[in-house]
Amino acid sequence: TVEEHSVNAEMMSRAKMTLSISQSAELWGYTSDRLYNITATGCPALVQRFAGMEQHGYVDGETCIAFSTIPEMLDKAQYYALRDEERERIGAAGRVMTHERHTWERRLDGLWCMLEGLP
């Protein structure tokens, strides 16, 4: 769909799961900003694994539902679609983690810390 930021948060907050993929998953720390938008709402993110995801707080089965292949994604989607409590626990934990670690203010603070030592 076309990005409609005014309705995306409401739509995601009502979904059982939302898919996030990345065309450059091998680049450390690179993922779509859609992932942060999804998890900020408390919706469980069905996310393509990306390098450094655990260091960003995205842990499979804890704060997200991660997959590497299409068959794995389909298996996990089917599994979690039938397990409301597990899925909702992951969504809630993802929301807490995102609000603690990935607000614009927190990300900007991290950027300033990285730049601090440069000439």
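How many aromatic pairs does the count come to in this structure? Hold on to that one for a moment, everyone, and I'll come back to it. One thing to keep in mind as we look around together: this is a predicted model.

Let's start with the strands. Find strand S2, which covers residues 45–48. On one side of S2 you have Ala45 and Val47, on the other Leu46 and Gln48, and all of these are buried, so both faces are covered; buried here means under 20% relative accessible area. S2 also has partners. Strand S1, residues 18–20, pairs with S2 in the parallel sense, over three bridges. Strand S3, residues 65–67, runs parallel to S2 as well, and three bridges join them. If you'd like a landmark, use Leu46: Leu19 stands opposite Leu46 in S2, and Leu46 also stands opposite Ile65 in S3.

Now for the inside. In general, nonpolar side chains in soluble globular proteins tend to be buried together. Here the largest nonpolar core has 13 residues, and those touching the most other members are Leu35, Val47, Phe50, Met53, Tyr58 and Cys64. Two elements, helix H2 (33–40) and S2, each give two or more residues to this core. H2 gives the most, with three residues.

Let's stay with Val47 from S2. Leaving aside residues up to four places away in sequence, Val47 touches Ser20, Leu35, Met53, Cys64, Ile65, Ala66 and Phe67. There is also a second, separate core of seven residues, and our landmark Leu46 belongs to it, along with Ile65, Ala77 and Ile90 among others.

Back to the opening question: the count comes to three aromatic pairs. Which kind of pair do Tyr79 and Tyr80 make? Their ring centres are 4.8 Å apart and their planes sit at 85 degrees; an angle over 60 counts as edge-to-face, so that is what this pair is. And are these two tyrosines buried or exposed? Tyr79 is partly exposed, because its relative accessible area of 34% falls between the 20% and 50% cut-offs. Tyr80 has a relative accessible area of 9%, which is under 20%, so Tyr80 is buried.

Tyr79 has another companion, too: Arg83 lies over the face of its ring, at 3.8 Å from the ring centre.

Finally, look at Tyr36, Phe50 and Tyr58, which ring pairs link into a cluster. You have met two of those names already, since Phe50 and Tyr58 are among the residues that touch the most other members of the largest core. Thanks for listening!

Key
Residues are numbered from 1 along each chain as its sequence is written. This is a predicted model: local features need pLDDT of at least 70, side-chain atom pairs count only at pLDDT 80 or more; totals for chains, interfaces and linings use all residues. Side-chain values use heavy atoms; hydrogens and water are left out. Buried means under 20% relative accessible area, exposed over 50%, partly exposed in between (1.4 Å probe, protein chains only). Helices (H or I, at least four residues) and strands (E, at least two) are DSSP runs, numbered from the N terminus. Two strands pair if DSSP finds at least two bridges between them. A nonpolar core is a set of buried Ala, Val, Leu, Ile, Met, Phe, Trp, Tyr and Cys residues joined through side-chain atoms within 4.5 Å. Contact means heavy atoms within 4.5 Å. Rings of Phe, Tyr and Trp (its six-membered ring) pair if their centres lie within 6.5 Å; planes under 30 degrees apart count as stacked, over 60 as edge-to-face and the rest as tilted. A charge sits over a ring if NZ of Lys or CZ of Arg is within 6 Å of the ring centre and within 35 degrees of the ring normal.
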